[in-house]
Amino acid sequence: MKRWLQNGTLVTASGLIQSDLLIADGKIAAIETTPIDTTDPIIDLTGKYILPGMIDLHVHLDDVIGGIPLADSYASGSEVAVRNGITTLWSFITQSPEQPISSAIQSAIDKAVRHSYCSIGWHLTPTRFDEETMSVCEHLIDSGFRSFKFYTTYREAGLYIDYETIGNIMERFRNQPITFLFHCEDEASLQTISTLQEWDWSKPITHAYTRPEVVELAAVEAIIELAEKYDATVHIVHVSCARTVDRILTAKETCRITCETAPHYLFLDDRMLQDSDQGYRWLCSPPLRPKRNVSNMAARAGMGQIDLFATDHCAFSKVGKSAFPDDVRKTPKGIAGIGALPHLAYVLFGAEESSLPKMARHLSENPARVLQLYPQKGTIAIGSDADLTVIDLHGERKQVVSSLMSVYETYPGFMSTLNFPYVFVQGTPVIENFQFTKNEPEGAILCNI
């Protein structure tokens, strides 16, 4: 079906453009003035802004972590996404020790297909590095699986991968279009810190004390060295420390490296963990940092020194999150964030019209580039997917809602005037006249086997 979007302001990473937009067959077909004699439907967007559909490339959905199920399915996670202008989510497929990687992939696809309102893709986390697994991963590249996520910690959970093995994998995939994502906390440093003294594990703040900034920087230093040696493309997820941002900036001169941070490292600090009764609600890894570091992170993000923002949405139910009140080591680490992402980015960049191109760069274009989806997604251009977000800057002031499920809200009391009168996923409206259409979920699966 064809549709003209008329009288809106187009937003790209380069700036604002006054033009109409034609959607046809799921693509952007024209950027020009609407013909006077057109018979195509017209949507008048006077006073509204049209952004490329936003992308959250770091979410955890419909999985079990540490024996505790996540609160959000693909249906609920994608619904809160499109209600807030996010048209693509990238989740994770983690191989269990006894499971072939292909089985893990098929299981994730089965959960998502016909259950998602937006486009869905995945990063792969193999936990076996035998010839069979690596060969399957090579054959999956043409199917859209072009990123691995590895952890430099979590030995007890079976996710830890040592630096030598990382180097071997980088060497194997040296000539392939693969991006390596890293959760950076140095395992050896963490183990040393945990034995320094008798820690009080009943207090949420202990989680922050035992995972200090230095362990993140140590792992990042090691990954940079490997990226330089093996000419690898790397992306550091959920950077939480200003010193890490500075180190990555200098590394851009010698290797292909990008990074993201999550909004909770820009708006929340470790005072949230000081409350022994409620602090567990904000437990995540890496942990929330001291206020001074948060201020430094926000300054760097505001200057564009962080490539993109992603939520690391990993929401557990209230029951699951509060299951172990006396030992924070057992508390599931993860918080909600999808629904808050654009609202917090808008505030970070100044909460005015000039904030919108920066949002388009950090929430649309740069994530699409990291995922190797640009210019199919992440921009407003003829031939690009018609993933489009219409924003009203001065809508009803409402509480930010990070998840639609029964979870602890990560940003209680945070209000926003951003409203989304229309959101299109590949040309189909999923939000229309501010209302969720509740059509059958038909979001595209962007990785398949």
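This note goes through a predicted model point by point, from its overall build to single residues.

1. Overall build. The secondary structure of this predicted protein comes to 13 helices and 23 strands. Along the principal axes, the C-alpha trace spans about 75 × 50 × 40 Å. For a chain of 449 residues, a compact globule would have a radius of gyration near 22 Å, and the value for this protein, 21 Å, agrees with that expectation.

2. Burial and contacts. Of the 449 residues in the protein, 58% are buried. When contacts with a separation of 6 or more are considered, 74% of them join residues that stand 24 or more positions apart. A first-year reader may like to keep this second figure in mind when looking at T87 below, whose partners include G53 and V425.

3. The second largest pocket. This pocket holds about 350 Å³ of space. It is lined by 16 residues, and those closest to its centre are R83, N84, K398, N419 and F420. Two strands, strand 19 (398-399) and strand 21 (419-425), each supply at least two residues of the lining. Sorted by class, the lining of this pocket has 8 nonpolar, 6 polar and 2 charged residues.

4. The cavities. How many cavities of 30 Å³ or more does the structure hold? There are 3 of them, and the largest cavity has about 70 Å³ of space. The residues that line this largest cavity are R281, A315, F316, K321, G334, I335, A336, V407 and Y408. By class, they divide into 6 nonpolar, 1 polar and 2 charged residues.

5. T87, a residue in a strand. T87 has its place in strand 11, which runs over residues 86-94. Is T87 buried or exposed? The relative accessible area of T87 is 0%, and since buried means under 20%, this residue counts as buried. Leaving out residues up to four places away in sequence, T87 touches G53, M54, C118, S119, D387, T389, V423, F424 and V425. Of these partners, V423, F424 and V425 fall within the range of strand 21 (419-425).

6. T206, a residue in a helix. T206 is found in helix 6, which covers residues 205-209. With a relative accessible area of 3%, T206 is buried, because that value is under the 20% cut-off. Once the neighbours within four places in sequence are set aside, T206 is in contact with W199, D200 and W201.

7. Cysteines without disulfides. A disulfide is a covalent bond between the sulfur atoms of two cysteines. A search of the whole structure finds 0 disulfides. Why is C118 without such a bond? The closest cysteine sulfur to that of C118 belongs to C447 and is 13 Å away, which is too far for a bond. C284 is likewise in no disulfide, and the nearest cysteine sulfur, that of C314, is 9.7 Å away. As for their surroundings, C118 is buried with a relative accessible area of 0%, and C284 is buried with a value of 4%.

8. Two cis peptide bonds. Most peptide bonds are trans, so exceptions deserve a careful look. The peptide bond from S285 to P286 is cis, with omega near -5 degrees, and P286 has its place in the loop between helix 9 (264-267) and helix 10 (291-302). The peptide bond from Y374 to P375 is also cis, with omega near 5 degrees. P375 is placed in the loop between helix 13 (355-370) and strand 18 (388-392).

9. Two positive phi angles. Most residues other than glycine have a negative phi. A351, although not a glycine, has a positive phi of about 55 degrees, and its place is in the loop between helix 12 (341-348) and helix 13. At 40% relative accessibility, A351 counts as partly exposed. Q426 is not a glycine either, and has a positive phi of about 50 degrees. The loop that holds Q426 lies between strand 21 and strand 22 (428-432), and Q426 is partly exposed, with a relative accessible area of 30%.

Notes: Residues numbered from 1 in each chain as written. Predicted model: local features only at pLDDT ≥ 70, side-chain atom pairs only at ≥ 80, totals over all residues. Heavy atoms only, no water. 1 Å grid on protein atoms, 1.4 Å probe; cavity = no way out; pocket = protein on both sides within 12 Å on 5 of 7 lines; lining within 4 Å. Points joined across faces, edges and corners; volume = space filled by probe spheres on them. Helix = DSSP H or I, 4+ residues; strand = E, 2+ residues; numbered from the N terminus. Nonpolar A, V, L, I, M, F, W, Y, C, P; charged D, E, K, R; others polar. Buried < 20%, exposed > 50% of the residue type's maximum accessible area, 1.4 Å probe, protein only. Contact = heavy atoms within 4.5 Å. Disulfide = S-S within 2.5 Å. Rg over C-alpha atoms; globule rule 2.2 N^0.38 Å.
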